Amino acid sequence: MKAVIFDLDGVVVDTAKYHYLAWRKLAGELGFEFDISHNERLKGVSRMESLNIVLETGGVKGLTEEEKQDLADRKNRYYLQMIQGIGESEILPGIPEFIAGLKEKGYKIALGSASKSGGMILEKLKLAGVFDAIVDGNLVARAKPDPQVFVTAAEFLKIPCENCTVVEDAKAGIEAAKAGGMRCVGVGNREMLKAADIVVDSTAELKGLIEVL
Ligand code: BG6
Ligand code: MG
């Protein structure tokens, strides 16, 4: 038995842009600009770690844990407002075909997302029933690059880690997959994702990889 474990944001659905826009709004309110050049660093990492990166780029120091929690909550409220109306049209190109092709070949599929909204977003996309296991940020304590999210997904599927392939758009996610002893396909920037076994430019190319997984 083999499995493919999908990251959510930036792989299944185009939500990475809403995470960015929500952080940018927060940064603007704090009096600095969070520009897209720093955004790669936020991909795949937890909400709190993302906040730390955003504050660092703005030179904001000395906040209490409580103040930081308030800011993270505020960003999450903006994010949830932005994705309120999200639907099937924001599933990334080729993902439904890739999933259908995997199922045809007998693969199990799972979600392995850092986001606490992961399960809820899959519901909105009408994809929740398609996944054999769903692990999101509510189920794990340790964020990527720790492999916990992917290893938990493999455990739910009862498939050994060495038979799992992770699909990821984030450096932290590739590191997590490798730390879990899994193969990994990167989607996006080749330089950034060079630790992956295979890198494709776009999710539209994933279906073409089924034979080599
Ligand atoms: C990851 C995103 O999937 O989830 C990160 O790539 C995000 O940008 C992280 O910070 C946590 O998401 P959430 O929805 O729990 O804040
Ligand atoms: Mg991602």
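This report walks through the ligand site and a few salt bridges of a predicted model.

## Where the ligand sits

Let's start with ligand 1. You'll find it in the largest pocket. Twelve names are worth picking out in the view here, and they come in a few runs along the sequence. Ligand 1 is surrounded by D9 and H19, then by L42, K43, G44, V45, S46 and R47, then by S50, and finally by A114, S115 and K116.

What kinds of residues make up that shell? It's a mix: 3 are nonpolar, 5 are polar and 4 are charged.

## Polar contacts with the ligand

Some of these neighbors reach oxygen atoms of ligand 1 with their side chains. D9 has a polar side-chain atom 2.6 Å from an oxygen of ligand 1. R47 does something similar, with a polar side-chain atom 2.7 Å from a ligand oxygen. For S50, the distance from a polar side-chain atom to an oxygen of ligand 1 is 3.3 Å.

How much of ligand 1 does the protein cover? On its own, the ligand has 390 Å² of accessible area, and the protein covers 97% of that.

## Salt bridges

Now for the charged pairs. The structure holds 15 salt bridges, and here are some to look up.

One of them joins D14 and K17, whose closest N and O atoms are 3.2 Å apart. Are these partners buried or exposed? Neither label fits D14, because its relative accessible area is 28%, making it partly exposed. K17 is partly exposed too, with a relative accessible area of 35%.

Another salt bridge brings together the side chains of R142 and D146, at 3.0 Å from N to O. R142 counts as partly exposed, since its relative accessibility is 46%. D146 comes in at 21%, so this residue also counts as partly exposed; the cut-off for buried is under 20%.

K178 and D197 make a salt bridge as well, and there the closest N and O atoms lie 2.8 Å apart.

Definitions and conventions:
Residues are numbered from 1 along each chain as its sequence is written. Chains are lettered from A and ligands numbered from 1 in the order in which they are written. This is a predicted model: local features need pLDDT of at least 70, side-chain atom pairs count only at pLDDT 80 or more; totals for chains, interfaces and linings use all residues. Side-chain values use heavy atoms; hydrogens and water are left out. A residue is near a molecule or strand if one of its heavy atoms lies within 4 Å of it. A polar contact is a pair of N or O atoms within 3.5 Å; within protein, one must be able to donate a hydrogen and the other to accept it, and residues adjacent in sequence count only if both atoms are side-chain atoms. Accessible areas come from the Shrake-Rupley method with a 1.4 Å probe; for residues, only the protein chains shown count as cover. On a 1 Å grid over the protein atoms alone, a cavity is a set of points where a 1.4 Å probe fits but cannot get out, and a pocket is an open set with protein on both sides within 12 Å along at least five of seven lines; lining residues have an atom within 4 Å of a point. A molecule sits in a cavity or pocket if more than half of its atoms lie within 2 Å of its grid points. Ala, Val, Leu, Ile, Met, Phe, Trp, Tyr, Cys and Pro count as nonpolar, Asp, Glu, Lys and Arg as charged, and the others, Gly among them, as polar. A salt bridge is a side-chain nitrogen of Lys or Arg within 4 Å of a carboxyl oxygen of Asp or Glu. Buried means under 20% relative accessible area, exposed over 50%, partly exposed in between (1.4 Å probe, protein chains only).
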